[in-house]
Every structure is written in structure tokens, then in C-alpha cells.
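Visitor: Hello! Could you show me how to read the features of a protein model, step by step?
Guide: Gladly. Let's bring the structure up and start with its strands.

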Amino acid sequence: MIGVIGAGAWGTALAQAMASNGEDVVLWARDPAVADTINDSATNPAYLPGITLSPSVRATSRIGDLAAAEAWLVVTPAQAMGEVLRTAPAGDQPLILCCKGIEAGTRRLMSEVAPAARPRSPIAVLSGPTFAHEVAAGLPTAVTLACADPALGERLVQRIARPTFRPYLSDDVVGAEIGGAVKNVLAIACGVVAGARLGENGRASLIARGFAEMSRFGRARGARESTIAGLSGLGDLVLTCSSQRSRNFALGFGIGEGRTAAELLGDRRTVAEGAFTAPVLRAAADEAGIDMPVTAAVCDLLAGAQAADVIRTLLSRPLRAEA
Ligand SMILES: NC(=O)C1=CN([C@@H]2O[C@H](COP(=O)(O)OP(=O)(O)OC[C@H]3O[C@@H](n4cnc5c(N)ncnc54)[C@H](O)[C@@H]3O)[C@@H](O)[C@H]2O)C=CC1
Ligand SMILES: O=C(CO)COP(=O)(O)O
């Protein structure tokens, strides 16, 4: 049995993917009403509408019910992960961390938050270009599964692979995490360009310059270039910077159209992780002397600056060498 912690879009989609071969899955929802709806109707209309869930997915709002699962996929919003893990039942199950973000305040990656909350559990990170509704629908998807322990990583890859869900093993945990966290911030920027009707050239340029930022930050934290250029970095960056399906891109799109971040975030039921990651990423980059102008621009927009002013500032920076 596999446990899934968090019954939002991604947790529900992963539960469905894991259950696609008849595997028993226990899916923890914070809200008892969400767990009841899943068990009563085999759907999660609040977070993953249009998908009928496998009968082997059982939802619960009692986190203690996860005790019997042999591994847990952790799929809460990044800012809530530490708090949720601290309430989970004792044990040493491996944790596969699927949330994408950096903890505000502490500036820790999820791979640093989880062991502090749950020291006996080994960890792995699952990240890549994975829109939840596509995974839930069984469309082909490849992800990075990063684990510092190669034997455990190999075991987990075998355990979670499904015919249309293909994990690639890596030992670069930090690299996998940085790609997933940073691309959410860059997707907001690309959404702004699209919302402000600034054209496809601008969006492609932002993806490339954003990738340069992701690479600089990754290098400073010890990530491998090949990880940043792989599924969890460039792969996810391209996905989320290209589609209104991305919540982060959609947030940026609204800002580009002239709405304020506060208004757009106030309306949200679902998480746009980039809004939480941007300020902490900027602070970490500033402290380390890493140039991240796109990230800084996203922070200014989230703080209420006018899109036109922020874009003008970005474009009027001194000309410089590309690499
Ligand atoms: N939706 C997607 O396509 C993908 C999402 N992710 C990542 O997975 C994580 C979860 O995202 P989604 O499932 O899409 O989010 P979502 O917005 O669909 O759902 C969030 C879930 O977290 C719960 N929640 C909110 N605050 C909480 C708290 N304080 N404690 C515990 N639970 C809380 C909500 O009740 C809801 O069930 C994020 O880090 C996201 O970046 C990663 C890959 C794909
Ligand atoms: O991480 C994702 C796809 O890989 C989902 O992106 P959004 O959170 O922007 O919807």
C-alpha cells in the first residue's frame, strides 16, 4: 500500500496513477469533506474535476491511517509540509517529496525540511513536467526521482513506475528541487508577458534568461547542470511557461492583464507556489550575490508594482554578455 499526503490536484492525480495497476492507495485529505466526497463519489471535484478515481484509492482525513503504507508521497503545499509531517504517525517509511517550493523564513528546501520533521524517514524527490490532470488521465509523463541512496532510489523507481508514468533515477536531490521551485517563479513572469500581449519572442527570451537564472542559482547550491537541463529543470520550465493550465502562469497572466497580485491571490482556492517562493528565492540569491533579475521583477509585481514599469526596468538594464 502506498500513502499519499495531500488531496489537492497533484496528490489526487498521483494517487490515481499509483492505483492504475490495482495498487491500494490511502490518500490523506486535510479536509474531512474532501475525503468523504472522494470515498462517496470516486471524484475530487474541488481539486481534480472530471477524473473518476480507481476503486483502490481510499481517502481519509485521519493522518494516522497512513501508518500501514510502505512509502508516502508527500504532496502538500510546500509551506505546509513540515507542519503536516510533524503530525504524521511515527515510523520510518521513505518519503517521496512531490511539493515544489522553498520554505519561507528558514529558506530551506523540502529535502531539508522533511528530515528535520521526521528524522527516521529516508527521502527522495519527485519532480518534472507533470500537469496533474494529464497524469490522472493516464497520458504519458516522465519525471525525475532523485535520491541520495542509489539502492533506495532504484527500489522507489521500480515501485512507482507505471506504463505511462516513467521515473528517471537521479542522485541529485538538490538539483531536482531547485528546478521545480524556481520554474514556478519564472512561469509567473512568462504569464505576465502573455497577459500583457508582449509576444512570443519575449516569452521565449524569458524562458532562456530564466533558465540562466535557474542554472546560476543551482550551481551555487551544488546542483548538477545536467539536472537543471533535465526533466525537473528545463522540462518543467518549458511546460509551465507555455500554458494557462499552469496556476503560476495564470497568476502572471492576470497581472499582465492589469489585475493586482493581491486580488488574484485572494480569489485562489488552489496554490500558486511561485508567489511564496519568489521572495525567499530573491532573498537567498541576494545574500549569495547571484544575479536573478527575472525573479526580482516577479517579486516587485507580487508586491504591487505596475507591470509596465517592471518590464521597462528589466529591458533597460545595462547590456551585457550572454554567458
Ligand atoms: N497540480 C500540479 O499539476 C502539480 C503540483 N505540484 C506541486 O504539488 C504541491 C501541491 O499542489 P496541488 O496538489 O496542485 O495543490 P492544490 O492547490 O490543488 O491543493 C492543495 C491541497 O493542500 C491542502 N492544504 C492547503 N493548506 C494546507 C495546510 N496548511 N496543511 C495541509 N494541507 C493543506 C488543500 O486543502 C488542498 O488539498 C505544490 O507544491 C505544487 O507545486 C507538483 C507537480 C504538479
Ligand atoms: O508543477 C506543475 C507542472 O509540472 C504545475 O504547475 P502549476 O503549479 O503552475 O500549475
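Visitor: In which sense do β6 and β7 pair?
Guide: Keep in mind that this is a predicted model. To read a pair of strands, look at the sense of the pairing and at the bridges between them. Here β6 and β7 pair in the antiparallel sense, over 3 bridges. You can pick out one bridge by eye: L126 has L145 in β7 as its partner.

Visitor: How does strand β5 run relative to β6, parallel or antiparallel?
Guide: Strand β5 (residues 95-97) and β6 run parallel, and 3 bridges join them. Look for L97, whose bridge partner in β6 is V125. Between these strands the chain passes through helix α4 (residues 110-117), making a right-handed β-α-β crossover.

Visitor: Why is strand β6 described as largely enclosed by the rest of the structure?
Guide: For burial, we go through a strand residue by residue; one counts as buried if 20 or more other C-beta atoms lie within 10 Å of its own. In β6 (residues 123-127), 5 of the 5 residues are buried, so the strand is largely enclosed by the rest of the structure. Then check the two faces: I123, V125 and S127 lie on one side, A124 and L126 on the other, and all are buried.

Visitor: Into which domains is the protein chain divided?
Guide: There are two to find along the chain: domain 1 (2-171) and domain 2 (179-315). Their centres, taken over C-alpha atoms, are separated by 25 Å. Domain 1 gives 20 residues to the contact, and domain 2 gives 21 residues. On the domain 1 side, β7 (141-146) and β8 (165-170) each supply at least two residues. The largest share of that side, 3 residues, is from β7.

Visitor: How many residues surround ligand 1?
Guide: For a ligand, read the shell of residues around it. Ligand 1 is surrounded by 25 residues, with G8, W10, A80, C99 and T270 the closest. Sorted by class, the shell has 14 nonpolar, 7 polar and 4 charged residues. Domain 1 and domain 2 each contribute at least three residues to this shell.

Visitor: And which residues are the closest to ligand 2?
Guide: Those are T130, T240, S246, R247 and N248, out of 13 residues that surround ligand 2. Helix α10 (231-240) is one of the elements supplying this shell, and α10 gives the most, with 3 residues. The classes here are 4 nonpolar, 5 polar and 4 charged. Again, at least three residues come from each of domain 1 and domain 2.

Notes
Residues are numbered from 1 along each chain as its sequence is written. Chains are lettered from A and ligands numbered from 1 in the order in which they are written. This is a predicted model: local features need pLDDT of at least 70, side-chain atom pairs count only at pLDDT 80 or more; totals for chains, interfaces and linings use all residues. A residue is near a molecule or strand if its C-beta atom, placed from the backbone, lies within 6 Å of it. Ala, Val, Leu, Ile, Met, Phe, Trp, Tyr, Cys and Pro count as nonpolar, Asp, Glu, Lys and Arg as charged, and the others, Gly among them, as polar. Domain bounds come from an automatic or database domain assignment. Two residues are in contact if their C-beta atoms, placed from the backbone, lie within 7 Å. Helices (H or I, at least four residues) and strands (E, at least two) are DSSP runs, numbered from the N terminus. A residue is buried if 20 or more other C-beta atoms lie within 10 Å of its own, exposed if 12 or fewer, and partly exposed in between; C-beta atoms are placed from the backbone. Two strands pair if DSSP finds at least two bridges between them. A crossover is right-handed if, with the strands pointing away from the viewer, the path from the first strand over the helix to the second runs clockwise.
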